[in-house]
Amino acid sequence: MHKLFVHPLPVRVWHWINALGFVVMIATGIQIRYIGLIDLVSFKPAVEVHNAVGFVLIANFFGWFLFYLFSDKIRVYLPELSPAKHFAASFRQLKFYGYGIFKGQPNPHHVSVYHKFNALQSMTYQIVMLLLVPIQCFTGVLLWDVERFQSAITLAGGLRVVDTVHVLVFIFFAGFIFIHPYLASLGHTWSAHFKAMITGYEEVEDE
Amino acid sequence: MISLVSKRANVAAAAVATLRLATRAMLVGAALALLLPPSGLASAADGALSRDDQTCLACHGQPGMEKDMAEGEKLSLQIKGKAFAASVHNAIGCSACHADIDLAKHPAADKKKQTLREFSIAKVAVCRQCHEDKSKLYEESIHAALLREGNPMAPLCSDCHAPHAVLAKAAASGPIAEVPCRKCHGAVFKAYAQSVHGLARAKDSNGGAPICADCHRAHDVTAAASGNHIKEACLACHFNALQLHKSWLPNAAHHFEAVSCPACHAPMAPRRVDLKLYDSSARERVAEKSGVPRFESRAMQADSKGQGLDALALQSLLKEFNHDNGDTILRGRLEVDGGPEAHMLAAKGKAIKDCKTCHREGAAPFQKVTISIVGPDGRPLRHGAQQDVLQGPTSIDSVRGFYAIGGTRIKLLDILLVLALASGIAVPVGHLSLKWLFRKYPRQSSVPSAQENSDSASDKNNS
C-alpha cells in the first residue's frame with residue numbers, strides 16, 4: 001500500500017461543504033414540501049435556511065467549477081470518448097459491484113491522480129456536476145424570487161414546470177445521498193475513502 | 001395638472017349646462033311671478049327657498065301628496081322643504097329639473113308612466129344635463145351594463161342620490177349606515193360594517209377609513225372580481241404594503257400576484273382558487289363576447305357529469321379556447337369565495353401569517369376550484385372544477401402558472417420520492433446483506449487489468 005495525493009484541498013473543502021449543504025437542502029426541502037406531514041421545523045425557517053444554504057452551494061459550485069477550469073485536474077472529469085471503451089469499463093465495474101465484490105475480487109479500477117473516477121463514477125459525476133447541479137441551482141434561484149424571474153419562468157414553460165424539474169432533481173439527490181456514502185465505504189476498508197476525502201491521500205495497493 | 005385642467009373643463013361644462021337650465025328656470029319663474037304677489041323673493045344662496053320654489057312647495061310640501069302610476073304603484077310627490085332648502089339643488093330650484101311642467105296645465109292629466117322604475121329611468125336624462133361627466137362614468141359601469149341588460153335592480157341616479165335632499169360630499173362624510181350601496185348590497189355592507197374599515201369609519205367618518213366608493217369607485221364601478229383595480233385601491237392607501245411584506249414573507253411579490261389581499265386579511269372568509277382564462281399574447285383575460293356565449297356551453301360540454309371539470313376535461317376546455325386563440329392559458333389566483341366575505345377584513349394583527357394555512361396537503365383554500373372568464377357585463381362567469389386539476393400530472397401543462405408548495409403538489413412526484421428514498425436505503429442494505437452472506441470469500445489483492453495498466457501508465461506519462 002502506498003499513499004497517493006488525489007484530492008487537492010479546494011476539492012476537499014468543496015466536497016464537505018457540498019455534502020453538508022446537500023443534507024441540509026434535502027432535509028429542509030422535505031420539510032418545506034411536506035409540512036403538516038413532518039413538522040420538525042416550521043415552514044418559514046425551513047424556507048429561509050433552504051434559500052441561504054442554496055446560495056452557499058451556488059457559490060461553492062462556482063468555486064469547484066473555477067478550480068477545475070484553471071487546474072489540470074479537470075482531466076478527471078473529461079469523458080471517455082470511445083463508447084466501446086466506456087461501455088466495457090462500465091460493464092466491468094458493474095460486474096464488480098454486482099458479483100465480484102461478493103467473491104472478494106479486487107476492484108477493477110485503480111485510482112491514479114488523473115484517473116480517480118471509475119467509468120461509472122465518471123459518467124455519474126459528469127451528469128451530476130455539469131447537468132443536475134446547475135439545473136438545481138438555476139431552478140432554485142428562479143423559485144427563490146418568482147416575480148423577479150417571471151419572464152425566465154414563463155420562457156421555461158411556467159412555474160409548475162420549473163418547480164417540477166427542481167423536485168425531480170431533488171428526488172434524484174434524495175436517493176443518491178444514501179448510495180453515495182455506501183459506495184464510498186467500499187474501499188479496501190470501509191473508512192478508506194472517507195479518510196482520503198479528509199487528508200487528500202488515497203491508499204493505493206502496490207503493483 | 002391634466003386632471004386639474006379636466007376638472008376645470010368639467011366645471012365649465014356643468015356651469016354652461018346649469019346656465020341653460022337656469023334660463024329655463026327663469027322662464028318658468030317669470031310665468032310663476034305673474035301668478036304670485038311680488039313680495040318675499042328669497043335668495044336660494046342663503047339656504048332659504050326661492051319664492052318660486054316656495055310656490056311649488058305650497059302644494060308639494062303637503063304630506064301624503066302622491067300620484068298613481070299606470071300599474072298601480074304610487075309616486076310620492078311630497079318634497080320636504082327643509083331638506084330641499086339644505087340640498088345643493090336648492091341653488092337651481094325646482095324648475096331646473098322639472099322644466100317639462102307646463103304651468104298652464106299643471107297639475108296635468110298627462111300620460112301616466114307605467115311604473116316608478118320607468119319614471120326614474122326617464123329622469124336619468126335630466127340628471128345628465130348637468131352631470132355629464134358623472135353620467136359618462138356611469139355608462140361605463142357594471143350598473144349601467146345591468147341596466148342595458150334589462151336588470152330591474154340596476155341602480156339609477158335617484159336610487160343612490162335623493163334628488164331633493166342631495167348634499168355635497170354626503171357619501172364621503174356621512175354615517176356609514178346612510179351609504180346608498182347598502183340598499184342592494186346588504187350582505188356586503190353587513191360584512192363591511194364589522195370590518196376593520198367599517199368600524200374605523202363608524203368611529204370617525206373623517207378618519208380616512210374607506211367606504212364603498214373609495215375602493216369600488218362611485219359612478220364607474222366595475223365588477224370587483226375582474227381586473228386589478230381593487231388591489232390597486234388597497235395599495236393606494238397601503239402603499240408600503242409590499243415592502244412590509246417583503247420583510248417577513250418569502251416571495252412576497254409573487255404572493256401579491258397570486259393571492260388576493262382579503263385571502264389573508266379576511267381570516268374568517270372561505271377561500272377558493274380561481275383559474276382565469278388568460279390570453280397571453282393580448283395580455284388580458286379572455287372575455288365572453290356579447291351574444292356569442294362560448295364559455296358556459298363549452299364548460300358544460302366538457303363537464304358532462306356536472307361534477308365540476310376534472311383534469312382531462314379542463315385540458316379539453318383549454319384546447320377549445322386555444323383553437324380560437326393559440327395563447328390561452330390559465331392564471332390562478334387564491335381569493336375569497338364570495339363578495340360579502342371579501343369585505344370581512346380584520347385588523348392587521350389578525351391576518352393569516354401561518355404559512356401552513358396554504359402550504360400543506362389538503363389545505364382548505366385549495367379545496368374549491370373555479371374556472372372563469374370575463375362575462376359580457378364585466379362580471380366573471382365561473383364553472384366549478386375538481387380539486388385534482390391542481391394536483392394531477394396534467395397540471396404541469398394546464399395550470400402551469402399556479403403552484404403553492406405543499407398545498408398543490410403533484411401526487412405522482414410524492415410516489416417518485418418514496419421510491420427514490422426506498423431505493424436509496426434498500427440498495428445499500430441489500431448490497432451489504434449480500435456481502436455479509438458471502439463473507440467467507442476472502443478479499444483478493446488487486447491484479448490490474450491490461451486496460452487499467454494502460455490508463456495508469458498514461459496518467460503517469462501525463463504527470
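Which residues of H21(B) are buried? This helix of chain B provides a path into the structure, which is a predicted model of two chains. In H21(B), the buried residues are B:Leu417, B:Ala420 and B:Gly424. An α-helix has 3.6 residues a turn, so residues three or four places apart point the same way. Part of the cover over the buried residues of H21(B) comes from the other chain, since helix H6 (159-184) of chain A is included in it. H21(B) itself has 27 residues and reaches 38 Å from its first C-alpha to its last, close to the 39 Å expected at 1.5 Å a residue.

The contact between the chains may be considered next. Chain B gives 49 residues to this contact, and chain A gives 44 residues. On the side of chain B that touches chain A, the elements with two or more residues are helix H15 (252-258), helix H20 (395-398), helix H21 (411-437) and helix H22 (450-462) of chain B. H21(B) contributes twelve residues, the largest share of that side. Sorted by class, the side of chain B that touches chain A consists of 22 nonpolar, 16 polar and eleven charged residues. For the complex, the predictor gives an ipTM of 0.93 and a pTM of 0.82.

Chain A can now be described as a whole. It has seven helices and two strands, and from the N terminus on these elements run β-α-α-α-α-α-α-α-β. Along the principal axes, the C-alpha atoms of chain A fill a box of roughly 60 × 35 × 30 Å. Of the 207 residues in chain A, 28% are buried. Among the contacts in chain A with a separation of 6 or more, 68% are between residues 24 or more positions apart. One residue of this chain serves as an example: A:Ala19 is placed in helix H1 (residues 9-33) of chain A. A:Ala19 counts as partly exposed because it has 14 C-beta neighbours inside 10 Å, whereas 20 or more would make a residue buried. From A:Ala19 to A:Lys85 there are 66 residues in sequence and 31 Å in space, C-alpha to C-alpha.

Chain B contains 22 helices and seven strands. Buried residues account for 28% of its 463 residues. In chain B, 69% of the contacts with a separation of 6 or more are between residues 24 or more positions apart.

The interior comes next. In soluble globular proteins, nonpolar side chains tend to be buried together. The largest nonpolar core has 57 residues, and those that touch the most other members are B:Leu275, B:Leu309, B:Leu314, B:Leu317, B:Ala385 and B:Val389. Helix H18 (residues 311-324) of chain B supplies six residues, the largest share of this core. Beyond its neighbours within four places in sequence, B:Leu317 is in contact with B:Arg298, B:Ala299, B:Ala302 and B:Leu309. A second, separate core has twelve residues, among them A:Phe22, A:Leu57, A:Phe173 and B:Leu417. B:Leu417 was met earlier as a buried residue of H21(B).

Strands also belong to the covered part of chain B. In strand S5 (residues 328-336) of chain B, seven of the nine residues are buried. Strand S3 (residues 271-279) of chain B runs antiparallel to S5(B), and nine bridges join the two. In one of these pairings, B:Arg271 has B:Val336 of S5(B) as its bridge partner.

Two loop residues deserve attention for their backbone angles. Most residues other than glycine have a negative phi. B:Arg217, although not a glycine, has a positive phi of about 70 degrees; B:Arg217 lies in the loop between helix H12 (212-216) and helix H13 (229-237) of chain B. B:Asn251, in the loop between H14 and H15 of chain B, likewise has a positive phi, near 55 degrees. Are these residues buried or partly exposed? B:Arg217 counts as partly exposed because it has 15 C-beta neighbours inside 10 Å, while B:Asn251 counts as buried because it has 20.

Finally, the confidence of the prediction should be considered. The mean pLDDT of chain B is 82, with 84% of its residues at 70 or more. Among the elements of chain B, helix H14 (residues 241-246) has the highest mean pLDDT (96) and helix H1 (residues 2-35) the lowest (42). Over residues 1-45 of chain B, pLDDT stays under 50, and the model has 43 contacts beyond four places in sequence for them. Residues 448-463 of chain B also stay under 50, with 18 such contacts.

Technical notes: Residues are numbered from 1 along each chain as its sequence is written. Chains are lettered from A and ligands numbered from 1 in the order in which they are written. This is a predicted model: local features need pLDDT of at least 70, side-chain atom pairs count only at pLDDT 80 or more; totals for chains, interfaces and linings use all residues. Two residues are in contact if their C-beta atoms, placed from the backbone, lie within 7 Å. Helices (H or I, at least four residues) and strands (E, at least two) are DSSP runs, numbered from the N terminus. Ala, Val, Leu, Ile, Met, Phe, Trp, Tyr, Cys and Pro count as nonpolar, Asp, Glu, Lys and Arg as charged, and the others, Gly among them, as polar. The expected span of a helix is 1.5 Å times one less than its number of residues. A nonpolar core is a set of buried Ala, Val, Leu, Ile, Met, Phe, Trp, Tyr and Cys residues joined through C-beta atoms within 7 Å. Two strands pair if DSSP finds at least two bridges between them. pLDDT is the predictor's confidence in each residue, from 0 to 100.
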